[in-house]
Each structure stands twice: as structure tokens, then as C-alpha cells.
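Work through the exercises below with the structure open. Try each task before reading its solution.

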Amino acid sequence: MNKDLDKKVPLLEVRDLETAFKIDGQYHNAVDKVSFTVDRGKIVGVVGESGCGKSVMSLSIMKLLPKGAGEILGGEVIFDGKNIEHLSEKEMNKIRGKDISMIFQEPMTSLNPVFTIGYQIEEVLHNHFNISKQDARNQSIKLLKSVGISRAEQVVNEYPHQLSGGMRQRVMIAMAIACQPKLLIADEPTTALDVTVQAQILDLLKDVQSVNDMAIILITHDLGVVAEICDEVIVMYAGEIVERSDVRSLFKNPKHPYTQQLMNSIPKLDAEEEKLGSIKGIVPSLKEMPRVGCKFANRCPKAMPECTEITPVLAEDEKGHEVSCLLFEASKTEEGTKIT
Ligand code: SF4
């Protein structure tokens, strides 16, 4: 493909993705017609509380939903020009690890406790490249050094339990970038780490992103993390995108009441007295999810009577900031909003 054209086509395009769980014989959508794009070399944050569908969405993109746990009912995922929903498991395995990699909150769930770190990184390299044992070992050491592990020559011979949580996450990042993927999906990569190590891992992600010109989807419940490294942000609530924009505009002017509430729960260093807002109630369970109206209505401080009767749709302002809220629709109607 022509390089300039290549830059203009999004790396990932998710269209109307719908993933459901079957409960008592009925399908309930955990991801409800979600559409978005990720451009090459960009970091897109996906933010929301637990149970908002962020992780199910990323597992659906990777076609990694555990068998019987969820089913993709509709939509398309176009990665680098290919509709990956149509690929066989064998073809998908070639893409996973090589073109798209994933890292999780707890590296111990992904690292095998009975194999050395070196063996596990080398296995990734052997799976995707025709490479000698010695070259794979040298490459593993180089990768570990690139993620800030200075005693890489020793670490290749160590087992995961011999490393700290932060070191294990660095190893996971080394494994994830081993094949120089075009897209890295990082699911709560810093949540299990203490604050100082969290900041180091975020810096590292930023560095590996710019060195490798990768795109990253960063899934987090923490808007502070989004502010730190993302270019764009998607706010999810109850399986739907409720707000989407570039990071600067979201932080300057959050429009959806859910995003505003999430913002209130970020600690502010300059606040005279620390007063964190918390969002009352919890995300409704899949079985309790309202079928009509706004899914946030029972927790929204700005809810109006019509919010339980009319379902809001994602609408875009003139700057491309998208919001799904009746208040936003009302404020935009006279200006001729484009409904997406
Ligand atoms: Fe709140 Fe109504 Fe907007 Fe939903 S549609 S976020 S309930 S104001």
C-alpha cells in the first residue's frame, strides 16, 4: 500500500461491535454496538468503571473471549485493512503477538511460572520468525534492556516469581514488543503496581510507543493515567461509548455527566482540601440493564424525566467531540448536529 495512503487509513476500525453473554437463555449485551477507530502511532485510552465492557471489548477485538463466556453477535473489526472477524483461528494466531499484542494487569496470569524469562521471550520470537537459538537469546537480552532491565543477562535465566511486580510488567512489555506489533492493547497495565512504579511503566509505554511507532489502546479505570499518556479518549459506560474526543478537549470540557463524575474522582494536587467525589450507585448488571432510555439515568445527577424514555445516541460537535446524552443533543439541535 502507498505509504501516504497507509497513514490516512485507520490502523483499527471497530464498527458496531456487539458482544453478548447468554443468561437464562437470553442474550445480554456487554458491548453494545461500539464503533471507533485507532490511527497509526496514536495512544487511545478507554476509560470507565469495572463492568463497563472495556475488557470484554478488547478481548472481542483479539477474538480471545473464553469459550462459552461471551459471543460476538455482530459488527466488524478491520485491522490494517483486513476484516479479522472472518479470519480462521490459525490466521488469527499469526496476527496475535506479531501484529497485535496484549498486556494485562497481572503479569503472573500471562507469564508461565515454570519457564525462565528468556525461554518465554524466545518462544514468542521462534513462533513468528525463523531465528537461531543464539540470535533469539541475544534478542531477548536486547529487549529486556530496552524496557529498562539493566541486569538482563541474569534475568533471562530467572523465573517470574524471582522478579518484583514492576519488573514482571517490564518483562511483559518486552514480550509484547518482541515482534514490533502495530497495535498494543494494554489492559489496566499499571493497576496492580504502586504509584512510583506505575509512573515508570507509563513512561516506558510512552517510550516504546514512540520508538516503535505503535498504536496503543490503553484500558484503564483511571482518568489520571489517560491524561498522562493518551492522545484520544473513549469513555465507556454499560457497554456503550458515552463520550469520545481528543484528550485535551475532554479534560478542558467534559460534556457527559458520567465523565464529569469520573473527573471529580481524580485527586487534585492544588485542592485546598482533598474532597474526592464518588459516583453514587453501581453499573447495572447485564440482567438489570435498561433496554430503553439512558443507561446512566439511575446514577445521573442531571437526569430528566425523559432520560428513562428516550435512548440518547452518540452525536458529534463541530470539533469532532462525541457525546451520548440528551442534554448535549438538546444543546446542539439548533446548530444542526451530525448524529453518528
Ligand atoms: Fe444524564 Fe439524561 Fe444525559 Fe443520561 S441522557 S447522562 S440521564 S442527562
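The exercises cover confidence, one helix, an aromatic cluster and single residues.

**Exercise 1. Confidence**

Find which element of this predicted model has the lowest mean pLDDT and which the highest.

Solution.
- Start with the whole protein: the mean pLDDT is 88, and 91% of residues reach 70 or more.
- Now go by element. Strand β13 (residues 338-339) has the lowest mean, 45. Strand β10 (residues 240-246) has the highest, 97.
- Look at residues 336-340. Their pLDDT stays under 50. The model has 12 contacts for them beyond four places in sequence.
- Where pLDDT is low, predicted coordinates should not be read in detail.

**Exercise 2. Helix α5**

Check the span of helix α5 (residues 133-146) against 1.5 Å a residue, then work out how its buried residues are arranged.

Solution.
- Helix α5 has 14 residues, so a span of 20 Å is expected. Its end C-alpha atoms are 20 Å apart, which agrees.
- List the buried residues: Ala136, Ser140, Ile141, Leu143 and Leu144.
- Look down the axis. These residues fall within an arc of 160°, so they line one face of α5.
- Ask what covers them. The cover includes α4 (117-128), α6 (152-155) and α7 (165-177).
- Move past the end of the helix. Gly148 follows α5 and has a positive phi, near 85°.

**Exercise 3. From α4 to α5**

Is Glu122 buried or exposed, and which residues does Glu122 touch beyond four places in sequence?

Solution.
- Place the residue: Glu122 sits in helix α4.
- Its relative accessible area is 12%, so Glu122 is buried. The cut-off for buried is under 20%.
- Its contacts are Ala136, Arg137 and Ser140.
- One contact is polar: the side chains of Glu122 and Ser140 meet at 3.4 Å.
- Ser140 is also one of the buried residues of α5.

**Exercise 4. Aromatic rings**

Classify the ring pairs Tyr237–Tyr258 and Tyr258–Phe296, and say which parts of the chain they link.

Solution.
- A ring pair is described by the distance of the centres and the angle of the planes.
- The count of aromatic pairs comes to four.
- Take Tyr237 and Tyr258. Their centres are 4.6 Å apart and their planes at 55°, a tilted pair.
- Tyr237 belongs to strand β9 (residues 232-237) and Tyr258 to helix α11 (residues 257-264). They are 21 residues apart.
- Take Tyr258 and Phe296. With centres 5.2 Å apart and planes at 70°, the pair is edge-to-face.
- Phe296 lies in the loop between α11 and β11 (315-316), so this pair ties together parts 38 residues apart in sequence.
- Check burial: Tyr237 and Tyr258 are buried, and so is Phe296.
- Put the pairs together. Tyr237, Tyr258 and Phe296 form one aromatic cluster.

**Exercise 5. Two asparagines**

Assign Asn298 and Asn212 to exposure classes.

Solution.
- Asn298 is found in the loop between α11 and β11. Its relative accessibility is 53%, so Asn298 counts as exposed.
- Asn298 and Val283 are 15 residues apart in sequence, and their C-alpha atoms are 9.5 Å apart.
- Asn212 is in helix α8 (residues 195-212). Its relative accessible area is 22%, so Asn212 is partly exposed.
- Beyond four places in sequence, Asn212 touches Ile177 and Gln180.
- A polar atom of the Asn212 side chain lies 2.8 Å from the backbone oxygen of Val208.
- Asn212 and Lys255 are 43 residues apart along the chain, with C-alpha atoms separated by 34 Å.

Methods
Residues numbered from 1 in each chain as written. Predicted model: local features only at pLDDT ≥ 70, side-chain atom pairs only at ≥ 80, totals over all residues. Heavy atoms only, no water. Helix = DSSP H or I, 4+ residues; strand = E, 2+ residues; numbered from the N terminus. Expected span 1.5 Å × (residues − 1). Buried < 20%, exposed > 50% of the residue type's maximum accessible area, 1.4 Å probe, protein only. Arc of directions from axis to C-beta. Contact = heavy atoms within 4.5 Å. Phe/Tyr/Trp six-rings, centres within 6.5 Å; stacked < 30°, edge-to-face > 60°. Polar contact = N/O pair within 3.5 Å; in protein donor to acceptor, adjacent residues only side chain to side chain. pLDDT = per-residue confidence, 0-100.
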